[in-house]
Amino acid sequence: MATTTTWNPTRPWRGIMVATALPLREDLSVDYDAYADHVRWLIDNGCDGVVPNGSLGEYQTLTEDERAQVVRTAVEAAGDGARVMPGVAAYGSAESRRWAEQAAEAGCGSVLLLPPNAYRADEASVRAHYAEVARAGVPVVAYNNPIDTKVDLTPPLLAALHQEGSIVAVKEFSGDVRRAYEIAELAPELDLLIGADDVLLELALAGAVGWIAGYPNAFPASCAELYHAAVAGDLETARPLYRSLHSLLRWDSKTEFVQSIKLSMDIAGRPGGPVRPPRAPLSGEIEAGVRLATEKAVAEGHR
């Protein structure tokens, strides 16, 4: 497995790529100015780039015009399209390819693609889906989230997709850190990216070269310090940071992750705000848990 961990324009999917939450006004319209400010703030505070139009960005609730404008806003705010990795998930492969082409036209350095998720796709359908989107000509990062999609990009399947030239990396969200080693054995040139905040240390030590991250939306500097220590194998720095942040990071893997991260952003003074239906505000018990973990992080000096 490749060991370079520093972001660079030739492999712009590496490093800390923040899956950005999308600021909404009280009337649930998109606040593009707040979003642009947030993208700049993330990069100024140690993050390498952003991933708009992912699940955390509520892409499923956006109109086509909104979704396209979010990408253009991210590229302009980042100052370098290579630092932007839009999510291009859609029910149809042709639609995903169109979003990948839009990302390429905007100058983005890569795109993030879920497998087909309108149904439980078989291997042949998955391979055809990724091959179709790869024809757009922009590097494709696969997103393995078998919990929500019911389609598992297993290490052998990822190796096949990489060998076919359909993907350059994988955002691994299964939670099974053992897969890192099998992926490295079967596809040593495929870049492994941390896909869930609460397995960051384990996957970093297993050779991950990037992190598609949620909680840097609220605490970018501390998360950047943790990530760089982890990929460097600096356990003296990484372990206490990880322990301190873990009660917060685990909310990234919960069903209510969008609302949770937005609440943490609100508490940390960032533009979190409401969510669009069908997501609903957090229940009292869950809100209390997120609030407690966030206030603990603030009290401990995380930023």
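This report walks through salt bridges in a predicted model.

The structure contains 16 salt bridges. Three of the pairs are described here, beginning with a table of their closest N and O atoms.

| Acidic residue | Basic residue | N to O distance |
|---|---|---|
| Asp191 | Arg11 | 3.1 Å |
| Asp37 | Arg270 | 3.5 Å |
| Glu132 | Arg97 | 3.1 Å |

Let's start with Asp191 and Arg11, which form a salt bridge with N and O atoms 3.1 Å apart. This contact links distant parts of the chain, since Asp191 sits in strand β6 (residues 191-194) while Arg11 belongs to the segment before β1 (15-19), 180 residues apart. Asp191 is buried, at a relative accessible area of 0%, whereas Arg11 is partly exposed at 27%.

Next come Arg270 and Asp37, whose side chains meet at 3.5 Å, N to O. Because Arg270 is in the loop between α11 (257-268) and α12 (284-299) and Asp37 is in helix α1 (residues 32-44), their salt bridge ties together parts 233 residues apart in sequence. Arg270 has 14% relative accessibility, so this residue counts as buried, the cut-off being under 20%. Asp37, with a relative accessible area of 38%, is partly exposed.

Finally, Glu132 pairs with Arg97 in a salt bridge, again with a closest N to O distance of 3.1 Å. Here the link runs from helix α4 (residues 123-134), home of Glu132, to helix α3 (residues 93-106), home of Arg97, with the two positions 35 residues apart in numbering. What larger arrangement do salt bridges that share partners make with Arg97 and Glu132? They join Arg97, Glu101, Glu132 and Arg135 into one network. Glu132 is partly exposed at 22% relative accessibility, and Arg97 is partly exposed at 23%.

Conventions: Residues numbered from 1 in each chain as written. Predicted model: local features only at pLDDT ≥ 70, side-chain atom pairs only at ≥ 80, totals over all residues. Heavy atoms only, no water. Salt bridge = Lys/Arg side-chain N within 4 Å of Asp/Glu carboxyl O. Helix = DSSP H or I, 4+ residues; strand = E, 2+ residues; numbered from the N terminus. Buried < 20%, exposed > 50% of the residue type's maximum accessible area, 1.4 Å probe, protein only.
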